[in-house]
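Please open the model in your viewer and keep the sequence at hand, because this tour moves from one backbone feature to the next.

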Amino acid sequence: MKFTGKVHKFADNVDTDVIIPARYLNTPDAKELATHCMEDIDASFASRVKPGEIIVAGKNFGCGSSREHAPLAIKASGVSCVIAATFARIFYRNALNIGLPIVECPEAAEAISAGDAVSVDLDTGVVTDETKGLTFKSEPFPPFMQSLVAAGGLANFISQDRGCESPKAQAGSRRLSP
Amino acid sequence: MSMTMTQKILAAHAGKSEVHAGELVMAKLDLVLGNDITTPVAIGEFPKFGREKVFDRTKIALVPDHFAPNKDIKAATQCACMRAFAKEQGVVNYFEVGHDCGVEHALLPEKGLVTAGDCIIGADSHTCTYGAVGAFSTGVGSTDMAAGMAAGETWFKVPSAIKVVVKGRFRKWVSGKDLILHLIGLIGVDGARYQSLEFAGDGIAALTMDDRFTIANMAIEAGAKNGIFPVDGTCLEYLKEHGAKTPRIHAADPDAEYERTLEIDLDKLEPTVSFPHLPSNTRLVREAAGLPIDQVVIGSCTNGRLSDLRAAAAAMAGRPVAPGVRCIVIPATQRIWIEAMKEGLLAKFAEAGCVVSTPTCGPCLGGYMGILAKGERCVATTNRNFVGRMGHVESEVYLASPAVAGASAVAGRLAEP
């Protein structure tokens with residue numbers, strides 16, 4: 001999977017409360033959550049972000065609550081990938097589980113500026129800042145994890161694996177379908 | 001090979017004689033937990049895992065607590081979704097508002113649902129609370145919860161650990177909250193990222209179970225995967241008293257490897273407060289005393305237990321809540337509420353001018369029951385003070401112990417007990 005997009009830059013310790021404030025957690029609907037994505041750290045983010053754009057942040061991105069609504073909101077807002085120096089543990093797991101591509105790369109997180117055009121190749125782990133002409137290498141995910149992310153997350157991955165196409169499974173996949 | 005306590009529990013649940021840090025293991029689960037925010041998302045994912053029924057209807061716990069009693073129609077819809085799933089699946093441990101309700105991490109130990117040696121996941125980051133009873137217990141998201149409900153097992157990366165050696169005894173008015181805030185201040189909000197915080201040392205004997213619950217609860221605020229205490233007489237007595245399953249005691253090997261070892265001298269700790277907007281932004285209360293406040297919240301999975309209410313009431317010492325300050329007291333479970341009522345604590349709070357609420361997470365995560373306006377300041381016994389956590393993005397939350405919260409409520413300012 002490859003992505004190219006303009007960068008929205010954030011600092012260290014972006015917590016899940018600012019990614020999606022709890023006052024909006026009375027719905028599991030990803031599209032609705034996306035309208036409030038990053039609202040408490042950047043009030044205009046949800047209205048400015050365009051499909052395919054990339055979030056770049058410092059260390060411990062996604063710390064705090066276990067709310068899966070956080071990566072869901074980011075994904076549904078159109079963001080193609082999150083690059084951070086480090087991720088908080090639960091967010092890291094949740095992002096992969098719902099099929100939000102993430103890249104851990106401290107050097108890229110440090111060097112890339114807001115507004116830069118950046119491309120990410122998940123297969124190789126290479127991050128390129130096309131504006132600055134810089135290239136960074138991160139540890140690529142193993143093939144199974146890339147397939148899991150491409151499938152849209154763990155549940156879809158397992159569901160596909162089993163060839164599960166029951167109506168109930170279809171109903172269940174409603175929330176995550178692109 | 002020597003192992004930490006966490007590693008031993010994971011090895012036992014993975015059917016292995018030993019595991020090492022960094023290894024990926026598939027481990028059997030003793031309990032899978034969810035609340036009214038995270039469970040509806042898990043219910044949406046559950047059918048994709050190909051099982052009609054949950055793996056064991058006695059090993060699922062569903063707790064409506066975050067926005068329950070229902071704060072609005074959408075919250076009501078989420079609670080109804082969870083209630084229907086619990087009924088359809090025959091989930092034994094569903095806890096209805098009123099009847100036997102409570103904030104999940106205060107409720108489950110009280111109900112005897114967690115015991116030493118357990119391997120537990122919960123779709124709530126404060127699931128790490130059960131390390132207080134010697135369980136491996138960690139927060140996950142809704143998809144992991146759904147997978148856990150379907151399969152009864154999940155994968156973990158075996159964590160390395162930080163050893164926290166505790167010695168001495170608390171001084172008066174100092175408690176588990178001060179210890180954990182101090183520790184987070186010391187190592188930072190990602191200081192234990194991906195690691196276990198394993199507590200050890202003679203000082204543990206002087207910690208009450210409620211202290212341990214508070215400390216383990218906030219392990220996540222240092223980024224930890226789990227926080228865990230050795231199983232001692234105090235713990236075993238607690239488990240027996242609450243009708244918990246037979247404990248399986250695992251102790252860290254004396255030569256277990258730790259990433260680092262820290263020492264905390266309880267005698268030297270003082271009432272501590274976390275300033276906005278990170279739990280690691282700690283100061284001593286005496287150095288920050290006098291800051292005017294608008295609200296006090298006493299409750300949550302961190303500090304809503306009976307001893308917390310007693311400490312807050314003792315610090316208030318019969319004095320009324322200061323004019324202009326709203327003090328909201330939220331006993332964490334129905335049982336705590338009833339016991340506090342019988343002890344006369346609720347009457348004391350109400351007569352002092354506090355609001356006494358039914359159990360709910362409510363204001364802790366900015367849900368309801370005490371949301372802050374722009375520019376307002378709150379001293380709270382809760383666990384997070386991120387931007388906008390309890391309301392407006394320009395409001396401020398100061399994390400502190402129940403004693404500091406009680407003293408501050410009557411002073412109208414951040415105050416030492």
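Is A:N60 buried or exposed? In this predicted model, A:N60 is buried, with a relative accessible area of 1%, and a value under 20% is what counts as buried here. Select A:N60 and follow the backbone on either side, where you will find the loop between strand 2 (54–57) and helix 4 (69–76) of chain A. The backbone at A:N60 has a positive phi of about 65°, although the residue is not a glycine. Most residues other than glycine have a negative phi.

Turn next to chain B and select B:S300, which belongs to helix 10 (residues 300–303) of that chain. B:S300 is not a glycine either, yet its phi is positive, at about 90°. With a relative accessible area of 6%, B:S300 is buried.

The remaining two stops concern peptide bonds, and most peptide bonds are trans. Select B:A68 together with B:P69, and look at the bond that joins them, which is cis, with omega near -5°. B:P69 lies in the loop of chain B that runs between strand 3 (60–63) and helix 3 (73–89).

Finally, move along chain B to B:P276 and B:H277, where the peptide bond from the proline to the histidine is cis as well, with omega near 0°. To place this bond, display strand 12 (272–274) and strand 13 (282–284) of chain B, since B:H277 is found in the loop between them.

Technical notes:
Residues are numbered from 1 along each chain as its sequence is written. Chains are lettered from A and ligands numbered from 1 in the order in which they are written. This is a predicted model: local features need pLDDT of at least 70, side-chain atom pairs count only at pLDDT 80 or more; totals for chains, interfaces and linings use all residues. Side-chain values use heavy atoms; hydrogens and water are left out. Helices (H or I, at least four residues) and strands (E, at least two) are DSSP runs, numbered from the N terminus. Buried means under 20% relative accessible area, exposed over 50%, partly exposed in between (1.4 Å probe, protein chains only).
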